[in-house]
Amino acid sequence: MISQSAPPALAPAHASLFLDFDGTLVGIAPRPDAVVVPPGLAAHLRRLSDAFDGALAIVSGRSLPELARFLDGFEGLLVGSHGAEARGMTPPLAHAPAGIGAVQAALSAFAAREGLLYEPKTLGGAVHFRDRPAAGAAVAAFADALAAASPGFAVQPAKMAFELKPEGASKDRALAALAALPAFAGRAPVFLGDDATDEPALAWAGAQGGFGVKVGPGDSTARYRLPDPGAVLRWLGMEG
């Protein structure tokens, strides 16, 4: 389904809000460490969280410490590593798989050998091929082989990257765990995301009586669409 229409205004008393980070609140950058966070974003998220009585969470594939650094000043719920680590709640996944050091070393060595970018993560790692799109098939094959040889890990495709993450960690499971918290009880979930990693969570929000909002181009199960992070910030009441 290709969603087209813009989402309606939210009723903070009746909805819960879940937001992806990269490609949703901030634009995609050539390197993960080069994203530009709009001035005042953390403060605006803090005000939104207050307006929703705490029923707001950032749910990202980034490592939790990195996410917290980019959103310094926002003290609300943060979920990192696709739901494998969290701040402000019991993590949906309580521990890292065994062998994480070997997995990270293998990803790093492959990226160095192929002239690609390795992104270390708390509970895994990613190899980016944005600068060399033709390398995508080789990265995918390596990631698949490494996951097959590494119990407890799974491959997570992303925009111009492949990542190894803890098996079973996903954003829809993270949303389900968050929805069980008292602050979220009885509220219709709304999730905004831009990537293939977000599709299960977009579908989950719709199935639970809320809706998903796809950010950017591409087919999606989401009911609504916004064109870019700037439009997301405006929809959230912040110019960007």
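Biologist: Where in the structure is the place of Met 160?

Modeller: Met 160 sits in the loop between strand S7 (153–158) and S8. Keep in mind that this is a predicted model.

Biologist: Is Met 160 buried, exposed or partly exposed?

Modeller: To read that, look at the relative accessible area: under 20% is buried, over 50% is exposed, and partly exposed is in between. Met 160 has 25%, so it is partly exposed. Its phi is worth a look too: the angle is near 60°, a positive value in a residue other than glycine.

Biologist: What is phi of Ser 81 near?

Modeller: Phi of Ser 81 is near 55°, again positive in a residue other than glycine. You'll find Ser 81 in the loop between S3 and strand S4 (85–87). Ser 81 counts as buried because its relative accessibility is 4%. There's also Asp 53, just after H1, which takes a positive phi of about 55°.

Biologist: Let's turn to H1, then. Which residues of helix H1 are buried?

Modeller: Helix H1 covers residues 41–51, and its buried residues are Leu 41, Ala 42, His 44, Leu 45, Leu 48 and Ser 49. To see whether such residues share a side, you look down the axis and ask how wide an arc they span. Here they cover an arc of only 160° around the axis, so they are on the same side of H1.

Biologist: Which exposed residues does the face of H1 turned away from its buried side carry?

Modeller: That face carries Arg 47 and Asp 50, both exposed. As for the buried residues of H1, they pack against S1, S2 and helix H7 (229–235).

Biologist: Which residues are buried in H5?

Modeller: In H5 they are Lys 171, Ala 174, Leu 175 and Leu 178. Try the same view down the axis: the buried residues of H5 fall within an arc of 100°, so they line one face of the helix. Their packing partners are strand S1 (15–19), strand S2 (56–59), strand S3 (77–80), strand S9 (188–193) and H6.

Biologist: At what angle do H5 and H6 pack?

Modeller: For a helix pair, read the angle and the distance between the axes. Helix H5 (residues 171–179) packs with helix H6 (residues 199–207) at an angle of about 40°, and the axes are 7 Å apart. That angle makes H5 oblique to H6. On the H5 side, the contact is made by Lys 171, Asp 172, Leu 175, Ala 176 and Ala 179, while H6 brings Pro 200, Ala 201 and Trp 204. Sorted by class, this contact has six nonpolar, no polar and two charged residues.

Biologist: Back to S8 for a moment. Is Glu 163 buried or exposed?

Modeller: Glu 163, in strand S8 (residues 161–166), counts as buried because its relative accessibility is 6%. For a residue like this, check what its side chain meets. A polar contact of 3.0 Å joins the side chains of Glu 163 and Lys 121. Setting aside residues up to four places away in sequence, Glu 163 touches several others, including Gly 61, His 82, Gly 125 and Gln 156. You can also compare sequence and space: Glu 163 and Ala 143 are 20 residues apart along the chain, and their C-alpha atoms are separated by 7.2 Å.

Biologist: How far apart in space are Gly 237 and Ala 188?

Modeller: From C-alpha to C-alpha they are 19 Å apart, with their positions 49 residues apart in sequence. Gly 237 lies in the segment after H7, and at 58% relative accessibility Gly 237 counts as exposed.

How values were computed:
Residues numbered from 1 in each chain as written. Predicted model: local features only at pLDDT ≥ 70, side-chain atom pairs only at ≥ 80, totals over all residues. Heavy atoms only, no water. Axes fitted to C-alpha atoms, helices over the stretch in contact; angles between N-to-C directions. Helix = DSSP H or I, 4+ residues; strand = E, 2+ residues; numbered from the N terminus. Parallel < 35°, antiparallel > 145°, perpendicular 65-115°, else oblique. Contact = heavy atoms within 4.5 Å. Nonpolar A, V, L, I, M, F, W, Y, C, P; charged D, E, K, R; others polar. Buried < 20%, exposed > 50% of the residue type's maximum accessible area, 1.4 Å probe, protein only. Polar contact = N/O pair within 3.5 Å; in protein donor to acceptor, adjacent residues only side chain to side chain. Arc of directions from axis to C-beta.
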